[in-house]
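Student: Please take a close look at one part of this structure for me. I would like a single helix examined, together with what surrounds it.

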Amino acid sequence: MRKLPIVFLLVMLLFFTFHTFVFAQSTTYTKYRSYVDQYRDTKESFELARTKHKNFQSLTTQTSLVQATVEFFGLRISILSAYLDVLQEKIDEEPALTQEEKDAQKKTIEEQKKLLDQHQQKIDALQRVEQINTVSKEFDELYKVISANSQLVRTHVYIGRATLLLQQLMSTTQKLEDKTNSLKEQGKNVNLLETWLSRIKEKTSAVDQSLKVAASTAIVTVNPDDTITNVQLASSQLRLAQENLGKISLFFKEFVQELKRVK
Amino acid sequence: MSNEYYFHDAPEEVTSKKKMTRLFLIGVFVLIFATVGVLVISQVTRTNNTTQDTKEEEEEVTAPLHIQDSDILQLEQDVASSEAKLKNFSLEDLQLVFPFLDVDILIED
């Protein structure tokens, strides 16, 4: 009977080992969420330490403020780092991106992670209140850069997804065209079918054009503000593409209805 | 009273404890098998789904260009499949939304 707790412990250990192994993919996001959940409390602790130091200006409040700052600033870095891990995982799993595209986006993410690591070292080295503002300002710049570059990576993921979707729609369009030609050869009136087909092709071409413009616009620049502008331009093209993809879907339906009528 | 009375259980208690131990061990093994079973099934389902997806993709690529007259149903299915994919296509993947963090944090003198 004395061995039972040990057996129970072993079973639990076995269960969690399997659990971690099978559901490992979702742990990155869980980790990211756990950091985000800690954010508000850590920020409040920092603000409290800052107010105390402002009011009392003692050595104790200074030490507390530095400690709270290291924790709060460190958490911001952890959140961004975990977010980049999630992004990385998403890219690894993304069927719409080619290996080359994945490698390019991974490289961007790795560069961002290096910048975060370097900044973390500065946070760890914080010892005096006077150093806090300098580190804080550096983070603001870093945050802007990482935000811009991450949005760029996201945009590439969306472009990849839209491109894959377009290819599938083009394959369906080809089948519709073959069907129209086949009916035409049989002497059927396919005028309306050809009209719908022409509209589908027009929209397909518009989507293709939008995606090409989006891909050529979504590029990294030295200035994060310019990168954000590029992301916005690419996103507007993506939205246009999405709108036209929706129209293609409607035209497909109309085509099939007409096809049934002609038959 | 001898010390034996305190340190050794009565025969019927020993039998009862043995039964409890057996029951407990059976329970533990059932738990292990159930856990491993669930994990294996979920893994197999995942693999099957992936295989099915791959097959669907292969079929899409290798589908003949010339379609017979009786294939309108197939066309409808293609259209429905494209429509479903369009519905799933979103520019707002929540897991990809960049975290909003406080900036411009300064310590006043």
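Tutor: What follows starts from one helix of chain A and works outward to the core and the partner chain.

The model is predicted. Chain A holds seven helices and zero strands. Read along the sequence, its pattern is α-α-α-α-α-α-α. The helix to look at is H4(A), residues 99-124.

Start with its geometry. H4(A) has 26 residues. From first C-alpha to last, H4(A) reaches 37 Å, close to the 38 Å expected at 1.5 Å a residue.

Next, its inward side. Which residues of H4(A) are buried? They are Gln105(A), Gln112(A), His119(A) and Ile123(A). These buried residues pack against H3 and H5 of chain A.

Take the H3 partner. Two packed helices are described by the angle between their axes and the distance between the axes. Here the axes of H3(A) and H4(A) come within 10 Å and cross at roughly 170 degrees. An angle over 145 degrees counts as roughly antiparallel, and H3(A) and H4(A) are therefore roughly antiparallel to each other. On the H3(A) side, the contact uses Val70(A), Phe73(A), Gly74(A), Ile77(A), Leu80(A), Ser81(A), Leu84(A), Leu87(A), Gln88(A), Ile91(A) and Asp92(A). On the H4(A) side, it uses Lys102(A), Gln105(A), Lys106(A), Ile109(A), Gln112(A), Lys113(A), Leu116(A), His119(A), Gln120(A), Ile123(A) and Asp124(A). An α-helix has 3.6 residues a turn, so residues three or four places apart point the same way. By class, this contact has 10 nonpolar, seven polar and five charged residues. The buried residues Gln105(A), Gln112(A), His119(A) and Ile123(A) are among those making the contact.

Now the loop that leads into the helix. Thr98(A) sits in the loop between H3 and H4 of chain A. Thr98(A) is exposed, because 11 other C-beta atoms lie within 10 Å. Across the sequence, Thr98(A) and Gly160(A) are 62 residues apart, yet their C-alpha atoms are 8.4 Å apart in space. Chain A has many such long-range links: residues 24 or more positions apart account for 75% of its contacts with a separation of 6 or more.

The other partner is H5(A), residues 129-185. One residue to check there is Leu152(A), found in helix H5 of chain A. Leu152(A) is buried, because 21 other C-beta atoms lie within 10 Å. Leaving aside neighbours within four places in sequence, Leu152(A) is in contact with Ala218(A), Val220(A), Thr227(A) and Val231(A). Leu152(A) and Asn230(A) are 78 residues apart in sequence, with 8.3 Å between their C-alpha atoms.

From there, move to the core. In soluble globular proteins, nonpolar side chains tend to be buried together. The largest nonpolar core here has 54 residues. Those with the most contacts inside it are Ile159(A), Ala162(A), Ile200(A), Leu211(A), Leu238(A), Phe252(A) and Phe255(A). Two or more residues each come from H2, H3, H5, H6 and H7 of chain A, and from H3 of chain B. H5(A) gives the largest share of this core, 15 residues. One of the residues with the most contacts, Ile200(A), touches Thr173(A), Ile248(A), Phe251(A), Phe252(A) and Phe255(A), not counting residues up to four places away in sequence. Over the whole of chain A, 32% of the 263 residues count as buried.

Then the partner chain. Chain B has three helices and zero strands. Of its 109 residues, 5% are buried. The contact between the chains takes 56 residues from chain A and 38 residues from chain B. On chain A, helices H1, H2, H3, H5 and H7 each supply at least two residues of the side that touches chain B. Again H5(A) gives the largest share, 24 residues. That side of chain A divides into 28 nonpolar, 13 polar and 15 charged residues.

Two backbone details close the tour. Most residues other than glycine have a negative phi. Gln57(A) has a positive phi near 50 degrees. Gln57(A) lies in the loop between H2 and H3 of chain A, and counts as exposed, with 11 C-beta neighbours inside 10 Å. Asp104(B) has a positive phi of about 60 degrees. Asp104(B) is in the segment after H3 of chain B, and counts as exposed, with 9 C-beta neighbours inside 10 Å.

Key. Residues are numbered from 1 along each chain as its sequence is written. Chains are lettered from A and ligands numbered from 1 in the order in which they are written. This is a predicted model: local features need pLDDT of at least 70, side-chain atom pairs count only at pLDDT 80 or more; totals for chains, interfaces and linings use all residues. Two residues are in contact if their C-beta atoms, placed from the backbone, lie within 7 Å. Helices (H or I, at least four residues) and strands (E, at least two) are DSSP runs, numbered from the N terminus. Ala, Val, Leu, Ile, Met, Phe, Trp, Tyr, Cys and Pro count as nonpolar, Asp, Glu, Lys and Arg as charged, and the others, Gly among them, as polar. Axes are lines fitted to C-alpha atoms, for helices over the stretch in contact, and angles run from 0 to 180 degrees between N-to-C directions. Angles under 35 degrees count as roughly parallel, over 145 as roughly antiparallel, 65 to 115 as roughly perpendicular and the rest as oblique. A residue is buried if 20 or more other C-beta atoms lie within 10 Å of its own, exposed if 12 or fewer, and partly exposed in between; C-beta atoms are placed from the backbone. The expected span of a helix is 1.5 Å times one less than its number of residues. A nonpolar core is a set of buried Ala, Val, Leu, Ile, Met, Phe, Trp, Tyr and Cys residues joined through C-beta atoms within 7 Å.
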